[in-house]
Amino acid sequence: MVDDRRREIRRKADSFREKCKISRYGIINLFKECKRCGYKLFRYPLGDTADLGFTLKRDDDIIVFINTSIRLSREIFTLAHEIGHIVLHLDKESAFIDNHNTISGRDVDEKEREANYFAACLLMPSDEVERFIDLELPCFDKTGLSSMDIARMMSEFNVSYDMVLNRLEYLGKINSNQKLCLDTEKTEKRVGNLLRSIGGNAKLNAAGNEIDIPYEYLEYVIYNYNHNAIPKENLEKVLGYFCLNIEDISDRLVVHTEINDNLDDLIGRHQKRARGPLP
Ligand SMILES: [Zn+2]
């Protein structure tokens, strides 16, 4: 990636970040920011061996899907990576599917590297990292960083332990030896324990298994059910995501019965009941 392209990506990450609600250093809730931009965000637990997420453009909609079976910090990075594809690449391509290889692999193509760089600049901009070290870690120049300091940065920026290490190394704040030592400390002390010991956000280190689906999706599913495109079981499953059951939306449903279909044929007009929208 040449310097001009890096600068352009930093500029785009900055301008996205300017629209976000920020705590002292980090974006408070990237999921909300994604929705606020008008992207259709789906969060669903696909299993920890499935893809991490994907982005696609369909008609006027931009759809982002994130697998919630992975650690929350990883999920947030995946979302930042997908936003990178949207901002940088979706004008030329209509879909990106991401897994551990495309996001963390060594032999990824240029677009994957760009999306990762965008995500790093969005979640941990260099000036905010600088400010954190200056204000929160006054002994940095004398004693360097401990694993608890890394856990503090995790909690402030809502990122993973590994991401903090990678970003600090990239920004020249630690060298490869220091990174290795901090990585060893992580294995010995465990990230969950470190987060708890500093009163940080321990949820970052666990899979949330969240189910969060745009309400419009329910409309597509009802439409498809009413047009015989999906069985009742699928409708019921989707209703479950919204804590609804068939009775709750019965006035929206076409009644599929053989008698009605035969009546249609007999009287020559569409007899199926399609009632008004939910109040
Ligand atoms: Zn990607």
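Begin by selecting R58 and D61: R58 stands opposite D61, a residue of strand 3. Strands here are DSSP runs (E, at least two residues) and helices likewise (H or I, at least four residues), numbered from the N terminus. The model on the screen is predicted, with local features requiring pLDDT of at least 70 and side-chain atom pairs pLDDT 80 or more, whereas totals for chains, interfaces and linings use all residues. Residues are numbered from 1 along each chain as its sequence is written, and side-chain values use heavy atoms, leaving out hydrogens and water.

**The hairpin**

Next, display strand 2 (residues 53-58) and strand 3 (residues 61-67). These two strands pair in the antiparallel sense over six bridges; two strands are said to pair if DSSP finds at least two bridges between them. In general, strands of a sheet pair through backbone hydrogen bonds, either parallel or antiparallel. Select G53 to find its bridge partner in strand 3, I66. Two residues lie between the strands of this hairpin, and D59 takes a positive phi near 50°.

**The whole sheet**

Extend the selection to the other strands. The sheet is open, has four strands in the order 1-3-2-4, and shows mixed pairing. Its edge strands are strand 1 (40-44) and strand 4, each of which pairs on one side only. Neighbouring strands are turned by 15° against each other on average, direction ignored; the axes are lines fitted to C-alpha atoms, for helices over the stretch in contact, and angles run from 0 to 180 degrees between N-to-C directions.

On one side of the hairpin, strand 1 and strand 3 run parallel and are joined by five bridges. Select K40 and its bridge partner I63 in strand 3, then L41, which stands opposite V64 in strand 3. For the antiparallel pairing of strand 2 with strand 4 (residues 95-98), look for four bridges. Here T55 has F96 of strand 4 as its bridge partner.

Now add helix 3, which packs on the sheet and touches strand 1, strand 2, strand 3 and strand 4; contact means heavy atoms within 4.5 Å. The direction of helix 3 makes about 155° with that of strand 3. Strand 3 is mostly covered, with five of its seven residues buried. Buried means under 20% relative accessible area, exposed over 50%, and partly exposed in between (1.4 Å probe, protein chains only).

**The zinc ion**

Remain with helix 3 (residues 72-88) and select H81 and H85, which are separated by about one helical turn because they are four residues apart in this helix. Both H81 and H85 are buried. Then show the zinc ion, whose protein donors are H81 (NE2), H85 (NE2), D98 (OD), D98 (OD) and E112 (OE), at 1.9 to 2.6 Å. Along the chain, the donors follow the spacing H-x3-H-x12-D-x13-E. Donors are N, O and S atoms within 2.8 Å of the metal (3.2 Å for Na, K and Ca); water is not among the atoms, so sites may look incomplete.

**Aromatic rings**

Finally, turn to the rings. The whole structure holds nine aromatic pairs. Rings of Phe, Tyr and Trp (its six-membered ring) pair if their centres lie within 6.5 Å, with planes under 30 degrees apart counted as stacked, over 60 as edge-to-face and the rest as tilted. Among these pairs is that of F54 and F65, stacked at 5.1 Å centre to centre with 10° between the planes. The pair links F54 in strand 2 to F65 in strand 3, 11 residues apart. F54 counts as partly exposed because its relative accessibility is 25%, whereas F65, at 14%, counts as buried.

Select Y117 and Y170 next: their ring centres are 6.0 Å apart and their planes stand at 65°, so the pair is edge-to-face. Y117 belongs to helix 5 (residues 110-123) and Y170 to helix 9 (residues 161-170), 53 residues apart. With 8% relative accessibility, Y117 counts as buried; Y170, with 44%, counts as partly exposed.

Add R6, which lies over the face of Y117 at 4.9 Å from the ring centre. A charge sits over a ring if NZ of Lys or CZ of Arg is within 6 Å of the ring centre and within 35 degrees of the ring normal. To close the tour, return to R58, whose charged end sits over the ring of Y220, 5.5 Å from its centre.
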